[in-house]
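Me: I would like a close look at one part of this predicted model, with enough of the surroundings to place it.

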Amino acid sequence: MKCHLPKLYLLLSLILCGIILIFEKNISPYYYQVIVYIGINIILASSLNIINGFAGQFSLGHAGFMAAGAYTSAVITSSMHISPGSLASYPAFLFSLICAGIIASLFGLMVGIPSLRLKGDYLAITTLGFGEIIRVIIQNLDFLGAARGFTGIAKLSDFFWVFGIISILIFLVYNLINSTYGKGFLAVRDDEIAASAVGIDVTRYKVIAFVFGAFFAGIAGGLYAHFVTYINPSQFGFLRSFEIVVMVVVGGMGNIIGVIISAAILTILPEALRSIAQYRMVIYALLLVIIMLLREGEFLGGRFNIKRLWKKSPAET
Amino acid sequence: MHRRKKILSTVIIALVSLIISCGQQADQNEILIGEYSSLTGTTATYGLSTHRGLMMAVDETNNAGGILGKKIKLLTEDTQSKPEEAATAVTKLISRDRVVGVIGEVSSSRSLAAAPICQANKIPMITNASTNPEVTKKGDYIFRVCFIDPFQGEIMAKFTFNSLGLKRAAILKDIKNDYSIGLAQFFEESFKSLGGEIVATQAYSEGDADFKAQLTALKAANPEAVIVPGYYTEAALIVKQARELNMNMPFVGGDGWDSGKLIEIGGESMNNSYFSTAFSSDDPDPVVQNFAQKYHQLYGEKPDALAALGYDAGLIMFDAIKRAGVTESSKLRDAIAATKNFRGVTGLITIDQHRNALKPIVILAVENGKLVYKETVQP
């Protein structure tokens with residue numbers, strides 16, 4: 001009975017998405033826009049959480065996977081001349097998203113292979129470089145619009161798509177983590193040598209983490225491209241990768257719920273601070289510092305403690 | 001456990017109330033105009049210039065009694081120099097603040113993300129400096145006050161071919177920059193159609209500091225003029241290094257060169273180079289001088305072309321509201337579309353049937369380390 005619970009949750013959340021879809025027209029367009037961005041960021045952060053949080057491979061190339069997915073799906077729907085709202089648009093969009101995921105996961109595979117030999121900082125730099133390579137290649141491909149960007153993408157993403165995919169992603173992540181693979185990820189993260197000593201194929205687990213994470217980053221890119229309707233290589237720079245990493249770190253590496261909440265909060269925060277115009281990013285950064293100082297262990301998994309602001313860390317005392 | 005929940009819920013409640021409280025209440029005696037601008041991020045200097053120009057236009061109009069007996073209230077949203085932020089900012093301005101018109105953005109990438117939203121909501125948008133032709137193709141509610149890349153490329157080609165009398169040109173473009181690629185392409189097309197020849201093309205990337213390799217390759221092709229359709233930082237370095245390689249031919253650029261920094265970086269080596277721009281604060285025209293003086297008083301610096309374009313975008317919007325007599329979007333749209341020979345600080349502006357601005361272009365030359373007004377080319 002117990003193992004049916006996640007499936008039940010998946011069903012319930014998909015039904016909920018459907019119900020909210022009916023009220024979609026009543027939501028203020030501004031809130032709607034922010035909610036969809038939250039959704040896209042949740043997908044990005046949760047998929048990075050598999051690589052960074054669970055498998056412990058510090059990747060800084062997530063924006064590159066996102067770019068690969070965004071451009072793949074945009075090219076597919078544009079070449080099919082899909083008009084939003086038509087019945088054919090739904091399967092076509094699904095097809096383009098799956099292709100986006102597959103292309104992105106191929107790139108994930110390509111990053112995963114060098115990562116077999118690298119660890120920590122070295123891996124972070126490799127993935128950062130890889131993400132940039134993807135972006136720079138796009139920047140030089142004329143049929144993708146090069147630096148001018150890809151315009152005229154149909155607006156196909158909506159609340160249902162984004163949150164439907166989140167439901168499936170969280171369901172998959174939850175099951176993956178509670179499977180042999182999940183235990184394998186944690187073993188690789190905690191001690192690679194010990195893991196391989198007990199017969200875990202470290203290489204295989206790392207590659208699986210990269211492929212899985214990149215797949216959903218690609219889908220998030222596809223959703224993003226079909227929501228903003230205009231993509232430009234500069235949108236997928238390394239700053240974007242850092243934003244996603246911040247969401248994962250604030251939410252707590254390897255904490256599924258924490259990462260979802262931090263993705264939501266970190267998307268809302270700059271919007272909530274709009275009233276202070278150009279100073280808002282200063283306040284945003286300041287709040288990030290405070291959050292990092294206050295938390296103990298993980299954001300939601302751990303505890304907040306105001307005293308930590310002036311108390312020395314145990315290591316210093 | 002308990003405390004954690006308490007703090008978390010406090011944070012969430014604070015955030016929600018902040019979001020709810022920042023909505024604007026529409027005043028009967030005010031006309032709300034929205035502006036989205038890159039006040040922070042990679043192109044913050046451009047966003048700030050257009051914002052200052054627009055603020056000046058708003059203050060001047062309000063001090064003169066406003067329009068239709070109402071004051072103009074400008075709501076400015078920051079885009080962080082990101083397209084998706086531009087989309088959010090414009091959605092907020094239209095759906096929450098209910099602005100009657102939208103002004104922005106400098107960068108075509110942000111305007112391209114925001115324009116479909118303005119079009120879908122039928123709110124007129126005037127972009128101050130997006131030169132990519134695609135922007136106004138997004139729909140009949142999208143306008144611009146700057147000239148488009150094809151027009152500028154054509155003028156640069158004509159100037160090089162006719163005024164300078166040079167037939168063999170080489171191009172050195174910024175491969176990372178959409179503006180530079182566009183301008184290079186349109187220059188090449190019109191230069192060839194005039195009968196000129198492009199003898200070599202080389203590329204660099206924004207942020208590069210050494211251009212000797214590209215310049216040596218260009219020198220080998222022996223061009224009579226070198227076209228550098230990029231931004232001023234790289235352009236100045238390019239010309240400087242070219243002179244060191246004994247390349248003494250004229251260098252020609254576009255409005256990306258328009259900055260005091262150009263000569264600051266390039267120094268004496270900038271002599272014998274030319275660029276086209278929308279505006280020169282040294283233009284003897286009294287309208288320009290009046291604007292430049294006021295701007296200097298307010299902000300303590302000379303206005304650049306972007307400030308002038310921001311100012312003109314505001315004035316055209318206000319003028320259209322005045323002529324329409326109402327702020328209803330379809331009437332306002334028609335009034336903007338009917339703008340004819342409007343006297344802005346960047347010259348006489350007419351909106352054509354493609355909603356682009358027809359306006360004169362100014363050619364500046366560098367002589368003895370100073371910018372010299374060369375000629376004005378009418379459309």
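What percentage of the contacts in chain A with a separation of 6 or more do residues 24 or more positions apart account for? Please start there, then take helix H10 of chain A (residues 238-251) as the part to examine, and work outward from it.

Reply: The model is a predicted one, and every value below is computed from it. In chain A, 78% of the contacts with a separation of 6 or more are between residues 24 or more positions apart. Buried residues make up 48% of the 317 residues of chain A. The chain has 12 helices and two strands, and in order from the N terminus the 12 helices come before the two strands. Its radius of gyration is 20 Å, close to the 20 Å that the globule rule gives for 317 residues, so chain A is as compact as a globular protein of that length. Along the principal axes, its C-alpha atoms fill a box of roughly 60 × 50 × 45 Å.

Within this chain, H10(A) covers residues 238-251, 14 residues in total. From first C-alpha to last it reaches 20 Å, close to the 20 Å expected at 1.5 Å a residue. Its buried residues are Arg240(A), Ser241(A), Ile244(A), Val245(A), Met247(A), Val248(A), Val249(A), Val250(A) and Gly251(A). These pack against five helices of chain A, namely H2, H3 (62-80), H5 (120-139), H11 and H12. The residue that follows the helix is Gly252(A), with a positive phi near 105°.

Some of these partners of H10(A) also face the other chain. In the contact between the chains, 30 residues of chain A meet 34 residues of chain B. On the chain A side, the elements that give two or more residues are H2 (29-54), H11 (256-272), H12 (280-294) and strand E2 (303-304). H2(A) gives the largest share of that side, five residues. By class, the chain A side divides into 13 nonpolar, 12 polar and five charged residues. H2, H11 and H12 of chain A thus appear both in the packing around H10(A) and in the contact with chain B.

The next level up is the nonpolar core. The largest one has 197 residues, and those with the most contacts inside it are Ile43(A), Ala209(A), Ala220(A), Val90(B), Cys118(B) and Val226(B). Helix H9 of chain A (residues 202-228) gives the largest share of this core, 18 residues. Domain 1 and domain 2 of chain B both give residues to this core, so it lies between them. Leaving aside neighbours within four places in sequence, Ala220(A) is in contact with Ile40(A), Ile43(A), Leu44(A), Met66(A) and Gly69(A).

Chain B is the partner across the interface. It is divided into domain 1 (30-147 + 286-359) and domain 2 (150-277). The C-alpha centres of the two domains are 30 Å apart. Their contact takes eight residues from domain 1 and 10 residues from domain 2. On the domain 1 side, these are three nonpolar, four polar and one charged.

As a whole, chain B has 12 helices and 15 strands. The radius of gyration of chain B is 22 Å, close to the 21 Å that the globule rule gives for 379 residues, so this chain too is as compact as a globular protein of its length. Its C-alpha trace spans about 70 × 60 × 40 Å along the principal axes. Of the 379 residues, 54% are buried, and residues 24 or more positions apart account for 66% of the contacts with a separation of 6 or more.

A few backbone details in chain B are worth checking before the model is used. Most residues other than glycine have a negative phi, and most peptide bonds are trans. The peptide bond from Gly104(B) to Glu105(B) is cis, with omega near 5°; Glu105(B) lies in the loop between strand E3 (101-103) and helix H4 (108-121). Arg98(B) has a positive phi, near 55°, and is placed in the loop between helix H3 (83-95) and E3 of chain B. With 12 other C-beta atoms within 10 Å, Arg98(B) is exposed. Asn368(B) also has a positive phi, near 50°, in the loop between strands E14 (361-367) and E15 (370-377) of chain B. Asn368(B) is exposed, with 8 other C-beta atoms within 10 Å.

Technical notes. Residues numbered from 1 in each chain as written. Chains lettered and ligands numbered in written order. Predicted model: local features only at pLDDT ≥ 70, side-chain atom pairs only at ≥ 80, totals over all residues. Core = buried A, V, L, I, M, F, W, Y, C linked by C-beta atoms within 7 Å. Buried ≥ 20, exposed ≤ 12 C-beta atoms within 10 Å, placed from the backbone. Helix = DSSP H or I, 4+ residues; strand = E, 2+ residues; numbered from the N terminus. Domains from an automatic or database assignment. Contact = placed C-beta atoms within 7 Å. Nonpolar A, V, L, I, M, F, W, Y, C, P; charged D, E, K, R; others polar. Rg over C-alpha atoms; globule rule 2.2 N^0.38 Å. Expected span 1.5 Å × (residues − 1).
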